[in-house]
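Hi,

Here is the structure I promised to pass on. Have a look at it first, and my notes on what turned up follow below.

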Amino acid sequence: MGNVLDTMTALSPHSDIRAGEVLRLRREISRMQRRRSEHPILPLDPALGDLLPDGGLATGVAYTVSSSPSLVLALLGAASRKGHWCAVIGMPTLGVEAAAGFGIDLSRLILVPEPGERWLAVASALTEVVPLIVVQPMSRVTDAEVSRLGARLRDRGTTLLVTESVAMGAWPQSEGRIRLRDPQWHGLGTGWGLLSDCTVTVTAETRRSPRPSSVQVLLPGPQGGVEALPPTVAAPVPLRPDRDVAAAVDHTTERPTADRPSADHASVDRRSVDHLSWAVAG
């Protein structure tokens with residue numbers, strides 16, 4: 001255990017400043033009494049439960065995931081709430097407040113925001129003590145390095161989530177891909193409003209289930225975390241302006257009489273059409 005944290009301290013460019021924090025982490029991690037995971041699956045949030053074959057992340061393997069911070073935090077949330085330690089490597093813009101909004105226990109979260117070129121060494125060291133790790137690669141890796149890290153994942157029962165990039169592509173020997181697409185933000189009107197939530201489609205495909213599966217969720221939802229998409233209310237069928245509106249006007253307006261000239265009747269018809277058109281649009 002001490003060797004792992006000593007390695008992390010040596011890799012940090014500000015080791016003197018962070019020495020006290022590393023000592024605190026040493027005491028906290030020593031309480032975990034880390035052993036090989038006895039659980040073959042790490043849980044996912046119920047909103048994402050239909051994505052993967054067993055309803056969660058397999059242990060001892062690596063997944064390629066979109067680099068979206070929201071998706072990363074959503075994948076960590078359920079495991080953290082179950083008491084598992086998590087680590088995030090190489091994502092300096094990841095917000096701690098946002099992590100808390102996804103239900104992540106900050107007292108069991110290790111952040112290594114800027115590991116530099118030694119990111120792979122940090123990830124390898126953390127497999128000894130952390131069951132769920134996210135890493136954003138800083139450089140390309142060789143096949144031999146991937147194989148060595150894969151062996152450590154299997155030996156310790158650790159799950160690795162590797163963010164995808166244009167330069168790196170998918171992680172070699174990946175168990176599967178989890179991607180986020182089609183974000184649609186809500187809350188803004190015409191020049192006014194506040195962003196409230198975002199509807200996204202999350203898609204997964206794995207070696208066991210190569211046919212992609214998808215779920216639509218709010219990510220983030222109004223409360224800041226991942227939420228199941230609420231049932232949609234069926235929209236009213238719009239009237240067809242060529243026939244339905246004309247028929248409705250013909251049915252609801254008075255016929256011209258001797259006391260009401262046809263010109264006035266035309267005015268009544270126009271007001272009725274305008275009123276119905278406004279009501280349908282509303």
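**Asp-197 and its surroundings**

The side chain of Asp-197 makes a polar contact with the side chain of His-186, at 2.5 Å. Before you read too much into that distance, keep in mind that this is a predicted model.

Asp-197 sits in strand E9, which covers residues 193-206. What makes this residue worth a look is that Asp-197 is buried but has no salt bridge. How far away is the nearest side chain of opposite charge? That side chain belongs to Arg-181, and the distance is 17 Å. As for what Asp-197 does touch, leaving out residues up to four places away in sequence, the list is Gln-184, Trp-185, His-186, Leu-218, Pro-220, Gly-221 and Pro-222.

**The sheet and its helices**

Strand E9 belongs to an open sheet of nine strands with mixed pairing, in the order E5-E4-E6-E7-E3-E8-E9-E10-E11. The edges are E5 (109-112) and E11 (227-228), each of which pairs on one side only.

At the E5 end, E4 (residues 86-89) pairs with E5 in the parallel sense, over four bridges. If you want a spot to find in the viewer, Ile-89 stands opposite Val-112 in E5. Helix H5 (residues 119-126) packs on the sheet here, touching E4, E5 and E6, and its direction makes about 175° with that of E4.

Helix H3 (residues 69-81) is the other one to look at: H3 lies across E3 (62-65), E4, E6 (132-135), E7 (159-163), E8 (176-188) and E9. H3 runs at about 170° to E6.

Just past E4 there is also Pro-92, in the loop between E4 and helix H4 (96-101). Setting aside neighbours within four places in sequence, Pro-92 is in contact with Pro-113 and Glu-114. Pro-92 and Glu-114 are 22 residues apart along the chain, yet their C-alpha atoms are separated by 6.4 Å.

**Salt bridges**

How many salt bridges are there in the whole structure? The search finds eight. Here are some of them.

- Arg-208 and Asp-54 meet through their side chains at 2.5 Å, N to O. Arg-208 is in the loop between E9 and E10 (213-218) and Asp-54 is in the loop between E1 (41-43) and E2 (56-58), so this pair ties together parts that are 154 residues apart in sequence. Arg-208 counts as exposed, at 58% relative accessibility, while Asp-54 is partly exposed, with a relative accessible area of 45%.
- Arg-177 and Glu-164 form a salt bridge with their side chains 3.7 Å apart, N to O. Arg-177 is in strand E8 and Glu-164 in the loop between E7 and E8, 13 residues apart, and the pair links distant parts of the chain. Arg-177 is partly exposed, with a relative accessible area of 28%.
- Arg-181 and Asp-182 form a salt bridge at 2.7 Å, N to O. Buried or exposed? Neither: Arg-181 is partly exposed, with a relative accessible area of 41%, and Asp-182 also counts as partly exposed, at 41% relative accessibility. This is the Arg-181 that came up above as the nearest side chain of opposite charge to Asp-197.
- Glu-128, Arg-152 and Arg-156 are linked in a network of salt bridges.

Cheers

Notes: Residues are numbered from 1 along each chain as its sequence is written. This is a predicted model: local features need pLDDT of at least 70, side-chain atom pairs count only at pLDDT 80 or more; totals for chains, interfaces and linings use all residues. Side-chain values use heavy atoms; hydrogens and water are left out. Helices (H or I, at least four residues) and strands (E, at least two) are DSSP runs, numbered from the N terminus. Buried means under 20% relative accessible area, exposed over 50%, partly exposed in between (1.4 Å probe, protein chains only). Lys and Arg count as positive and Asp and Glu as negative; His and the chain ends are not counted. A salt bridge is a side-chain nitrogen of Lys or Arg within 4 Å of a carboxyl oxygen of Asp or Glu. A polar contact is a pair of N or O atoms within 3.5 Å; within protein, one must be able to donate a hydrogen and the other to accept it, and residues adjacent in sequence count only if both atoms are side-chain atoms. Contact means heavy atoms within 4.5 Å. Two strands pair if DSSP finds at least two bridges between them. Axes are lines fitted to C-alpha atoms, for helices over the stretch in contact, and angles run from 0 to 180 degrees between N-to-C directions.
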